[in-house]
Amino acid sequence: MEFLNQLLRYPIEQLPFYLTTLVIAFTVHEFSHAYFANKFGDPTAKMLGRVTLNPTVHFDLLGIILLLIAGFGWARPVPVNRANFSKPRLMGVIVSVAGPLSNLVLGVLGTLIYVMLVQFGVIDAITNDKLLEAIKMFFGLFTLMNFFLFLFNLIPLPPLDGYRILEDLLPRSMLGSFKKFEQWSMFIFLLLIVVPPLQRYTITPLYQAAQSMYLSFARFFLVLFGA
């Protein structure tokens, strides 16, 4: 047990809540990519069975293991053929941004639901300490991880969505140079994320920013409900 606690980024008692959060966050993220790609005329994802909320078709085992150990990872990427879009660059941006935005929406919804539970007295009415702790732990992880995934996926380095968004937004005259940089940017991304001392300047600030987003939305909803 002690070995697992040292290996995993999160304490072992948080693992069920963490995995539940990832199942929801990754599934909705990849479904959003697939849904909009199919909506805009690219049937690639649909033909591969990816326009679904079934989590088993979206999970990547290595990506999940790395998330549990290193705090970052990925789901199975949704294949998108931009040539099938009537407006490839515009629709490409929308398809790419749909994934991160879905995590933002989940984070906001998670915050809203928890604030409502507090404001309407549901939390105070729970007398079972273990149940109360489980609810707080789930919503804490759910909101934090979804806000984190929103920010993380917007980093403009491959293989993240932020890179594809930037690729579609750049002038065509710059795409050649941009593509040449791609192989090196992947190496830079892995270096910044994998090397522990560098994580203090990459992963840690993103978690801090995600926490700030949660607090900001929580304050907003508290004001909205007249707290």
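This dialogue works through helix packing and a few individual residues in a predicted model.

User: Before reading any feature, what counts in this predicted model, and how are residues numbered?

Analyst: The model is predicted, so local features need pLDDT of at least 70 and side-chain atom pairs count only at pLDDT 80 or more, while totals for chains, interfaces and linings use all residues. Residues are numbered from 1 along each chain as its sequence is written, and side-chain values use heavy atoms, with hydrogens and water left out.

User: How are helix 5 and helix 7 oriented to each other?

Analyst: Helices are DSSP runs (H or I, at least four residues) numbered from the N terminus, and their axes are lines fitted to C-alpha atoms over the stretch in contact, with angles from 0 to 180 degrees between N-to-C directions. Angles under 35 degrees count as roughly parallel, over 145 as roughly antiparallel, 65 to 115 as roughly perpendicular and the rest as oblique. Here the axes of helix 5 (residues 88-119) and helix 7 come within 7 Å and cross at roughly 155°, and the two helices are therefore roughly antiparallel to each other.

User: Is that crossing left-handed or right-handed, and which residues make the contact?

Analyst: A crossing is left-handed if the near helix is turned anticlockwise from the far one by less than a right angle, and right-handed if clockwise; that of helix 5 and helix 7 is left-handed. Contact means heavy atoms within 4.5 Å, and the residues that meet include Leu104, Gly107, Thr111 and Tyr114 of helix 5 and Lys136, Phe139, Asn146 and Phe150 of helix 7. For classes, Ala, Val, Leu, Ile, Met, Phe, Trp, Tyr, Cys and Pro count as nonpolar, Asp, Glu, Lys and Arg as charged, and the others, Gly among them, as polar. On that scheme, the contact of helix 5 with helix 7 has 13 nonpolar, six polar and one charged residues.

User: How does helix 2 cross helix 7?

Analyst: The axes of helix 2 (residues 15-39) and helix 7 (residues 129-152) come within 9 Å, crossing at roughly 40°, which makes helix 2 oblique to helix 7. This crossing is right-handed. Among the residues of helix 2 that take part are Phe17, Tyr18, Leu22 and Phe26, and the partners in helix 7 include Met137, Phe138, Leu141 and Met145. By class, the contact of helix 2 with helix 7 has 13 nonpolar, three polar and no charged residues.

User: And at what angle does helix 5 pack with helix 11?

Analyst: Helix 5 and helix 11 (residues 203-224) pack at an angle of about 45°, with their axes 9 Å apart, which makes helix 5 oblique to helix 11. Helix 5 passes helix 11 in a right-handed crossing. The contact includes Leu104, Val108 and Gln119 of helix 5, together with Met213, Phe217 and Phe221 of helix 11; its residues divide into 11 nonpolar, two polar and no charged.

User: Turning to single residues, is Asp168 buried or exposed, and which side chain does Asp168 pair with?

Analyst: Buried means under 20% relative accessible area, exposed over 50% and partly exposed in between (1.4 Å probe, protein chains only). Asp168, found in helix 8 (residues 161-169), is buried because its relative accessible area is 10%. A polar contact is a pair of N or O atoms within 3.5 Å; within protein, one must be able to donate a hydrogen and the other to accept it, and residues adjacent in sequence count only if both atoms are side-chain atoms. Such a contact, of 3.0 Å, joins the side chains of Asp168 and Arg82.

User: Where does Arg82 lie, and which other side chain does Arg82 contact?

Analyst: Arg82 lies in the loop between helix 4 (61-70) and helix 5 and is partly exposed, with a relative accessible area of 22%. The side chain of Arg82 also makes a polar contact with that of Ser96 (3.0 Å). Leaving aside neighbours within four places in sequence, Arg82 is in contact with Pro88, Gly92, Ser96, Arg164 and Asp168.

User: What does the side chain of Thr27 reach?

Analyst: Thr27 lies in helix 2 and is buried, with a relative accessible area of 5%. Its side chain reaches the backbone oxygen of Val23 at 2.5 Å. Beyond four places in sequence, the contacts of Thr27 include Leu53, Asn54, Pro55 and His58.
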